[in-house]
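The following exercises ask the reader to reason from a single chain and its bound ligand. Each task is followed by a solution worked in steps.

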Amino acid sequence: MYDIRVTVKQNKRVSDGLWVLSYHAPKTVKKILPGQFLQFRLTSSTDPFLRRPFSAYKIKGDVIEVLYEPVGVGTRLMSQMKPGDEFCSLGPLGNSFTPVKKKKVLMVGGGVGAAPLVFMAERHVYDKMLLGFRNKSVVLPKSEAPGSKSNWIYATNDGSVGHKGFVTELLEGILKEGDPKQYFIYSCGPKPMLYEVARIARKYKVDGELSLEERMGCGVGACLGCVVETQDGYVASCKSGPVFSIKDLTLEGLKSE
Ligand SMILES: Cc1cc2nc3c(=O)[nH]c(=O)nc-3n(C[C@H](O)[C@H](O)[C@H](O)COP(=O)(O)OP(=O)(O)OC[C@H]3O[C@@H](n4cnc5c(N)ncnc54)[C@H](O)[C@@H]3O)c2cc1C
């Protein structure tokens with residue numbers, strides 16, 4: 001794990017509401033795996049006081065890209081950063097998705113939860129990328145797909161792009177049609193979506209992994225600000241996760257806020 005001062009290479013909008021920030025981190029890129037995250041200290045002032053966690057989105061040479069949506073003080077600060085600006089990046093942190101063989105992989109992402117799935121898609125074969133967004137303004141465009149774009153399928157709450165409704169409806173449609181046993185799911189996104197993914201996976205007896213976006217304090221298992229309920233009790237998501245086998249999580253734990 002490295003805590004390094006990095007320099008912004010580029011900070012660009014990829015849709016109305018989504019941004020990609022990139023920076024050189026030659027040591028980190030050699031180690032980081034899909035699902036792992038970085039903790040950013042964006043300013044030397046105390047606001048925001050805590051570091052903010054972000055999944056690795058893409059690796060290009062020695063450059064890390066991070067996909068983000070400005071939602072609060074930290075991410076708005078990020079959106080104002082210019083090439084040459086400096087900040088601190090701690091990572092790689094947490095665990096990563098487990099690659100599977102002999103299964104058809106379905107990726108299910110909600111909002112910026114698409115980030116670690118795109119990184120996984122960059123490195124491993126997958127069948128379909130199902131992506132859900134609030135509306136058109138925050139849709140991750142197909143131009144961001146590594147390789148083929150034909151297997152990216154969208155859902156939006158208002159129907160402005162793709163299926164009108166939740167991305168989990170697309171997932172259930174696919175599992176209903178074929179033999180569910182042939183599939184494996186990787187998913188990341190807001191908790192209510194992950195709850196639905198876990199519920200559907202249980203219903204159709206499909207294995208998979210969920211990456212949780214719990215709010216985090218330290219990112220290294222010390223503050224216990226991100227505990228989640230597993231079948232074996234409570235664990236810190238930053239240290240034991242953020243990626244968990246669907247079987248190891250409880251539906252109750254995914255329900256609670
Ligand atoms: C392992 C991990 C990976 C993540 N990867 C990404 C990523 O790749 N891209 C990205 O944009 N975001 C990602 N997030 C979420 C990101 O860390 C938060 O959006 C960010 O911390 C918000 O900081 P802020 O200061 O802008 O917002 P704040 O001012 O702290 O909060 C603004 C609003 O966002 C809500 N919020 C903040 N954090 C979370 C969260 N984790 N879950 C749900 N709601 C939250 C707050 O309740 C509040 O309503 C990830 C989180 C985790 C734990």
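A residue is counted as buried if 20 or more other C-beta atoms lie within 10 Å of its own, as exposed if 12 or fewer do, and as partly exposed in between. The model is a predicted one.

**Exercise 1. Backbone exceptions**

Classify Lys102 and Lys205 as buried or exposed, and describe the phi of each.

Step 1. Lys102 lies in the loop that runs between E7 and E8. It has 6 C-beta neighbours inside 10 Å and therefore counts as exposed.

Step 2. Lys205 is placed in the loop between H5 and E13. With 9 C-beta neighbours inside 10 Å, Lys205 is also exposed.

Step 3. Most residues other than glycine have a negative phi, and most peptide bonds are trans. Phi is positive for Lys102, near 60°, and for Lys205, near 55°.

Step 4. Cis peptide bonds are to be noted as well. One joins Gly91 and Pro92, with omega about 0°, and Pro92 belongs to strand E7. Another joins Gly241 and Pro242, with omega about 10°; Pro242 sits in the loop between helix H6 (237-240) and strand E16 (243-245).

**Exercise 2. Helix H5**

Compare the expected span of helix H5 with the distance between its end C-alpha atoms, and state what covers its buried residues.

Step 1. Helix H5 covers residues 191-204, which is 14 residues. The expected span is 1.5 Å times one less than the number of residues.

Step 2. This rule gives 20 Å for H5, and the end C-alpha atoms are 20 Å apart, so the two values agree.

Step 3. The buried residues of H5 are Met193, Leu194, Glu196, Val197, Ala198, Ile200 and Ala201.

Step 4. Their cover includes the strands E8 (104-110), E9 (128-133), E12 (183-189) and E13 (207-212), together with the helices H4 (167-177) and H7 (251-255).

**Exercise 3. Domains and core**

Determine how domain 1 and domain 2 are arranged, and where the largest nonpolar core lies.

Step 1. The chain is divided into domain 1 (2-93) and domain 2 (104-255), with C-alpha centres 21 Å apart.

Step 2. The contact between them takes 21 residues from domain 1 and 24 residues from domain 2. On the side of domain 1 that touches domain 2, strand E3 (37-41), E4, E6 and strand E7 (86-93) each supply at least two residues. That side comprises twelve nonpolar, five polar and four charged residues.

Step 3. The largest nonpolar core has 71 residues, and Met107 and Val197 have the most contacts inside it. Helix H3 (residues 114-123) gives the most to this core, with seven residues. Both domain 1 and domain 2 give residues to the core, so it lies between them.

Step 4. Leaving aside residues up to four places away in sequence, Met107 touches Leu117, Met120, Ala121, Tyr126, Met129, Leu130 and Tyr186.

**Exercise 4. The ligand shell**

Identify the residues that come nearest to the ligand and the elements that give two or more residues to its shell.

Step 1. There are 22 residues around the ligand, and Tyr68, Gly72, Gly74, Thr75 and Val112 come nearest.

Step 2. Strand E4 (52-55), strand E6 (63-68) and helix H2 (73-79) are the elements that give two or more residues. E4 gives the most, with four.

Step 3. By class, the shell has 13 nonpolar, four polar and five charged residues. Domain 1 and domain 2 each provide at least three residues of the shell.

Methods:
Residues are numbered from 1 along each chain as its sequence is written. This is a predicted model: local features need pLDDT of at least 70, side-chain atom pairs count only at pLDDT 80 or more; totals for chains, interfaces and linings use all residues. A residue is near a molecule or strand if its C-beta atom, placed from the backbone, lies within 6 Å of it. Ala, Val, Leu, Ile, Met, Phe, Trp, Tyr, Cys and Pro count as nonpolar, Asp, Glu, Lys and Arg as charged, and the others, Gly among them, as polar. Domain bounds come from an automatic or database domain assignment. Two residues are in contact if their C-beta atoms, placed from the backbone, lie within 7 Å. A nonpolar core is a set of buried Ala, Val, Leu, Ile, Met, Phe, Trp, Tyr and Cys residues joined through C-beta atoms within 7 Å.
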